[in-house]
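Q: Hi! Could you walk me through this one while I look at it on screen?

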Amino acid sequence: MIGVGKAKQYANVLDKPLSRGRQEVSLSAFAFLFSELVQYNQTQVDNIAELERRLEDAGYAVGARVLELLCHREKGNRRETRLLGILSFIHSTVWKVLFGKVVYLITFCIWKDNLYQKRYVADSLEKGTEHEDEYMISEKELLVNHMGAFNCGAFVAGIVRGVLDSAGFPAVVTAHFVPIEGQQRPRTTILIKFAEEVLRREARLG
């Protein structure tokens with residue numbers, strides 16, 4: 001009989017299970033879609049700052065959905081409740097799903113018992129900061145920054161902010177170019193500045 005042995009058909013896409021499925025998206029398809037997003041928003045603004053803000057807002061919506069999906073797929077609907085845990089989740093799980101690799105570098109410093117301590121996750125410690133609420137993700141070749149002369153990393157900053165905010169870690173997240181000596185293209189640093197309430201909660205949890 002026709003149809004015997006075939007995979008179950010779903011009338012509604014919302015009825016389909018959230019399985020892993022294919023993990024890859026055509027780079028050319030993404031480049032086309034992202035280019036259209038940038039070009040559309042360029043027609044709606046008068047300056048670069050406003051364009052970057054709109055890209056960040058678009059990324060925020062993506063980040064909120066990425067968190068929900070990955071918590072279901074990877075963590076059995078459990079979410080991170082500690083600051084280091086959510087940072088590790090972003091630089092490993094989220095980055096790998098979005099960009100096919102673990103982030104090159106994530107660095108941060110904290111104050112503890114009046115002692116300035118440097119800590120890091122990933123390959124190496126790049127640079128500390130004098131502020132306990134600031135953390136940095138540094139990417140040498142951020143995919144979206146191959147598609148424009150301005151900093152399209154604002155879109156990725158929005159994704160990070162969407163993940164953090166939806167997980168209960170409100171923060172201001174911005175993207176910055178950082179020159180690399182001897183190289184023409186700068187790397188992109190995603191600067192995360194957590195809200196004071198996040199640090200107070202982390203201190204209570206010990």
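A: Happy to; below we go through the fold, the aromatic rings, a cavity and a couple of buried residues.

Q: Before we start, what kind of model is this?
A: This is a predicted model.

Q: Good to know. How many helices and strands does the protein chain have?
A: There are five helices and five strands in the protein chain. Going along the sequence, the pattern reads α-α-α-β-β-β-α-β-β-α.

Q: And what share of the residues is buried?
A: Of the 206 residues in the protein chain, 34% are buried.

Q: What about contacts between residues far apart in the chain?
A: Taking contacts with a separation of 6 or more, 58% of them are between residues 24 or more positions apart.

Q: On to rings. How many aromatic pairs turn up?
A: Searching the whole structure gives four aromatic pairs. One of them is Trp 95 with Phe 99: the ring centres are 5.3 Å apart and the planes meet at 55 degrees, so this pair is tilted.

Q: Why is it called tilted?
A: Because the 55 degrees between the planes of Trp 95 and Phe 99 falls between the cut-offs of 30 degrees for stacked and 60 for edge-to-face.

Q: Where do Trp 95 and Phe 99 sit relative to each other in the helix?
A: Both are in helix α3, which covers residues 83-99. They are four residues apart, so about one helical turn separates them.

Q: Trp 95 first: buried or exposed?
A: Trp 95 is buried, with a relative accessibility of 1%. Phe 99 has 22%, and because buried means under 20%, Phe 99 counts as partly exposed.

Q: Which other pair is worth a look?
A: Try Tyr 135 and Phe 194, an edge-to-face pair with 5.3 Å from centre to centre and 80 degrees between the planes. Tyr 135 belongs to strand β3 (residues 134-139) and Phe 194 to strand β5 (residues 187-194), so the pair ties together parts 59 residues apart in sequence. Both Tyr 135 and Phe 194 are buried.

Q: Which residues form an aromatic cluster?
A: Phe 30, Phe 34 and Phe 155 form one.

Q: What lies over the face of Phe 169?
A: That's Arg 201, at 4.7 Å from the ring centre of Phe 169.

Q: Phe 169, okay. What does Ile 86 touch?
A: Leaving out residues up to four places away in sequence, Ile 86 touches Glu 80, Leu 164, Ala 167 and that same Phe 169. Ile 86 is in helix α3 and is buried, with a relative accessible area of 1%. Its C-alpha atom is separated by 8.9 Å from that of Val 163, which is 77 residues away along the chain.

Q: Changing topic: how many cavities of 30 Å³ or more are there?
A: The count is one cavity of 30 Å³ or more. The largest cavity has a volume of about 40 Å³.

Q: Which residues line the largest cavity?
A: The lining consists of Lys 140, Glu 141, Leu 142, Asn 145, His 146, Arg 185 and Pro 186. By type, that lining has three charged, two polar and two nonpolar residues.

Q: Last one: where is Thr 189, and what does it touch?
A: Thr 189 is in strand β5, and it is buried, with a relative accessible area of 7%. Not counting residues up to four places away in sequence, Thr 189 touches Met 136, Ile 137, Ser 138, Thr 174, Ala 175, His 176 and Val 178.

Definitions and conventions. Residues are numbered from 1 along each chain as its sequence is written. This is a predicted model: local features need pLDDT of at least 70, side-chain atom pairs count only at pLDDT 80 or more; totals for chains, interfaces and linings use all residues. Side-chain values use heavy atoms; hydrogens and water are left out. Rings of Phe, Tyr and Trp (its six-membered ring) pair if their centres lie within 6.5 Å; planes under 30 degrees apart count as stacked, over 60 as edge-to-face and the rest as tilted. Helices (H or I, at least four residues) and strands (E, at least two) are DSSP runs, numbered from the N terminus. Buried means under 20% relative accessible area, exposed over 50%, partly exposed in between (1.4 Å probe, protein chains only). A charge sits over a ring if NZ of Lys or CZ of Arg is within 6 Å of the ring centre and within 35 degrees of the ring normal. On a 1 Å grid over the protein atoms alone, a cavity is a set of points where a 1.4 Å probe fits but cannot get out, and a pocket is an open set with protein on both sides within 12 Å along at least five of seven lines; lining residues have an atom within 4 Å of a point. Grid points are joined across faces, edges and corners, and a volume is the space filled by probe spheres set on the points. Ala, Val, Leu, Ile, Met, Phe, Trp, Tyr, Cys and Pro count as nonpolar, Asp, Glu, Lys and Arg as charged, and the others, Gly among them, as polar. Contact means heavy atoms within 4.5 Å.
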